[in-house]
Amino acid sequence: MTLPKDIPTTLGLAAASLAALAACALAARRLLRPAMQSLRAERLICIVIMAILLFLLTYRIVRFTDAKGLVHSHVDGILLLATLLTGLLVYFHAPTRMPAVSLFFLPVLAFWLLWGFCASWWSYEPFNIVGIWEKVHLVTVYLGSMAVAAAAIFGIMYLFLAARLRKKRNFATLDRFPSLEAVERRILRSAIIGFPILTIGIITGLLIQNAQRPNAADWLSPKILLAAAIWLVYGLMIHLPFLPIFRGRRAAFLSILGLVILLVLHRVSLPAAIQGVPPAQPPVSRGGA
Amino acid sequence: MEILCLGLSHQTAPVELRERLALSSAQTLERIAALRALWPGIELVILSTCNRTEYYLARPLDQEPDAQMILDHLAQWHTIPRPELSRILYHHTGQAAVEHLFNVAGGLDSMVLGEYQILGQVREAYQAAHSLEAAGRCLHPLFQSALAAGKKLRTETAIGEGRLSVGSVAVEFARHLFDRMEDKTLLCIGAGKMTELTLRHFAELKPGKILIANRSMDKARELAGAFSAQAVDFFALADHLVAADIIISCTGASQPIISRALFQKVIKRRRSRPVQIIDIAMPRDFEPSIAQLDSVYLYNLDDLQRVVADNQQQRRSETEACRRIIRREVEDCCRQLRSHELGALIRNLRHQLLDLAEAEAQRAARRLASATPEQFQDMLNEHAHRLVNKMLHKPLAGLGQAATDHSAHLADAIRYLFDLEQQSATQADHPAAPPASASDAPRPDSSAPASEGLKTQSSPGAKGPAKSS
């Protein structure tokens, strides 16, 4: 069995993953039992996860950061995403906010942490990043992914709540959730936050692509098409108040669609990030001097 | 101290009698003052709500008043025949009274199982008594514990969860659908009693605008006046439906008045903003297929009543867990009250005996100062006798004066507390010398005052072996 490339990172991610799974179990139990359950244990676990991730981020910045910037590898990207998501969870756990959302956020967090753990052990490869646009592109990709994930999580919550309301049974479960209107507003807010970040990411991506002197067919690569698709989806979503056809459940489905496209895009673009941007080809000369 | 609870509730008395015994806040204070003027040593809290009036009383053991005396006074004050009053009043004493209070505070004795309002009412009753210093060292911790237990039931069980009326369930649906109500418009179609009842619940949400549409404009205006709403033209309903985020419908129409086709246009004009429809008419005012439209949440009477039934069942299923918690809390409370009472009693007893012992010690010291060494032993014996006589004087005098039954209880208590049973048995097996008479005791000094009236005849066990530990 091969050892992890960086043992502290792997151990930290393992601990955070286990903690997230424990928190998921607590959140599920809180949902299923009719009596009010204390959130204290969940809050504490989220704070512990936050502390572990902040420590890991700091450790990796100190140890690995060089000209490549904040996101040294895919593991760092996942760490950044997980830290932001945990921060959001801790924010929502405050009593006057929406503690029930942890039921939907925690599984996503646990998934990312497990992904990061596996990536840190078995598929760890540093990114081959050279220029400033690559660095900006990577950071905006991950930050934009965070917004996309948040929108999708709220979208799933919306569908869950709408289904429960249509079921017209007792509200013991729903009492812990925000209202449907509040959830739709948060889908919109996530889209509004994510859209400009995605736009910067796409623009920097196009600049990187352009530096490679691509031909016409290169502009139609799956990566670019998928990126454009996400951008369009989120462009539609930020116009929700003006496009009634995309309100309600359709907004929820759009947000989930955005996440699915994003996951495919990550899968498609990861090898390229690891390989790095090939040097620009010299222009073909048209005749001699 | 003994705790007494005397009262009536919706379970024992009809509303006509309950309202005659109900007390307002001012009357409660007057009644507490009047009863404490009659019996100054009592502690008293009066709980009076629309469904119950209860008197919680703490008094020294075997002293006035008892339940019958209070009943007599209530019959006199409220001019209700005593037999009728005794038929509807219940009374509990001791731990049963404590348990009853805890059940009341927890909402287990309420008309609506698990309702929360009673906890606030119990708190107000206690605070009213506290303001008159009528809740003392017995009722003060009792009511504090009852309030804590009531709160505990609501945090540890689901006894208070779920709404139990159609109107409140409809409001709950609205809360789950909408975040803010200040920018929402509520439309009532129909101006009958059911609409008014449901509107009363929704008015608590303070929606931005309330519209009332009814075939009869006068009735619409009348209902609108009661809720600061706006009466609108019934025949322009389509326009009002576009503006409405919440619709309460209860007309007397024999067929649906809103079709799916009409409402689809309404949704389009509303730009797919969500809308809640509460259709409590029978037959229904909205076509059932409207519920399938996107952004529409349609609830009819059956849906709401099903939720009420679910909630009632859920509360009932929590009753056993609540009773377990109550039993535990009652035992803790009673134990705490007993130890407080015993602690105070022991302190008082100790002070009394120490005062007595100090007085006798000072007298003995004065006499010893002028005595010869040969007289010391006699004087010390006399001092010991005097001390024992003085300590036993009150208890033995009380024992002699008590009624037969009571003196038997007191005698048993003395035997138990001084472990005289074992000594009596020992004496029976081995009869001791006849008790010493006064003539056998050394003659006291002539300057010493006579002992204070206590007979020196001691009981057979008084000079037995020391009590074993």
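A salt bridge is counted here where a side-chain nitrogen of Lys or Arg comes within 4 Å of a carboxyl oxygen of Asp or Glu. In this predicted model, Lys184(B) meets that description with Glu181(A), the closest N and O atoms of the two being 2.8 Å apart. The pair crosses between chains, running from the loop between H8 and strand E5 (185-189) of chain B, where Lys184(B) lies, to helix H6 (residues 180-211) of chain A, which holds Glu181(A). Lys184(B) and Glu181(A) are both buried.

**The interface of chains A and B**

Contact between the chains involves 33 residues of chain B and 26 residues of chain A. The size of an interface is often expressed as the accessible area that is lost when the parts come together. Here chain B and chain A bury about 2600 Å² between them, with 46% of that area on carbon and sulfur atoms. On the side of chain B, the residues that lose the most area to chain A are His176(B), Arg271(B) and Tyr297(B), which together account for 24% of what that side buries. Tyr297(B) also takes part in a contact of another kind, since the charged end of Arg166(A) sits over its ring, 4.8 Å from the ring centre.

Four salt bridges are found across this interface, and one that joins the two chains is formed by Asp294(B) with Arg249(A). Twelve residue pairs are in polar contact between chain B and chain A, counting those with both residues at pLDDT 80 or more. The elements of chain B that give two or more residues to the side touching chain A are H7, helix H8 (166-177), strand E10 (296-300) and helix H13 (301-317).

**Salt bridges**

Over all chains, the count of salt bridges comes to 29; the table lists some of them.

| Pair | Closest N to O distance |
|---|---|
| Arg60(A) and Asp76(A) | 2.6 Å |
| Lys184(B) and Glu181(A) | 2.8 Å |
| Glu184(A) and Arg247(A) | 3.2 Å |
| Asp294(B) and Arg249(A) | 3.3 Å |

Arg60(A) and Asp76(A) link distant parts of the chain, with Arg60(A) in helix H2 (residues 40-64) and Asp76(A) in helix H3 (residues 74-92) of chain A, 16 residues apart. Both Arg60(A) and Asp76(A) are buried, and they belong to a network of salt bridges that also includes Asp6(A) and Arg63(A). Glu184(A), in helix H6 of chain A, is 63 residues from its partner Arg247(A), which lies in the loop between helix H7 (222-237) and helix H8 (249-275) of chain A. Glu184(A) has a relative accessible area of 9% and is therefore buried, the cut-off for that term being under 20%.

**Aromatic pairs**

The whole structure contains 13 aromatic pairs over all chains. In one of them, the rings of Phe117(A) and Trp121(A) have centres 5.8 Å apart and planes at 85 degrees, so this pair is edge-to-face. Both residues, Phe117(A) and Trp121(A), lie in helix H4 (residues 102-122) of chain A, four residues or about one turn of the helix apart, and both are buried.

The rings of Tyr56(B) and Phe143(B) are also edge-to-face, because their planes stand at 90 degrees, with the centres 5.6 Å apart. Tyr56(B) is in strand E3 (residues 52-59) and Phe143(B) in helix H7 (residues 139-156) of chain B, so the pair ties together parts that are 87 residues apart in sequence. Tyr56(B) and Phe143(B) are both buried. In chain A, ring pairs link Phe104(A), Phe160(A) and Phe177(A) into a cluster.

Conventions: Residues are numbered from 1 along each chain as its sequence is written. Chains are lettered from A and ligands numbered from 1 in the order in which they are written. This is a predicted model: local features need pLDDT of at least 70, side-chain atom pairs count only at pLDDT 80 or more; totals for chains, interfaces and linings use all residues. Side-chain values use heavy atoms; hydrogens and water are left out. Rings of Phe, Tyr and Trp (its six-membered ring) pair if their centres lie within 6.5 Å; planes under 30 degrees apart count as stacked, over 60 as edge-to-face and the rest as tilted. Buried means under 20% relative accessible area, exposed over 50%, partly exposed in between (1.4 Å probe, protein chains only). A charge sits over a ring if NZ of Lys or CZ of Arg is within 6 Å of the ring centre and within 35 degrees of the ring normal. Contact means heavy atoms within 4.5 Å. Buried area is the accessible area (1.4 Å probe) that two parts lose on being put together, summed over both. A polar contact is a pair of N or O atoms within 3.5 Å; within protein, one must be able to donate a hydrogen and the other to accept it, and residues adjacent in sequence count only if both atoms are side-chain atoms.
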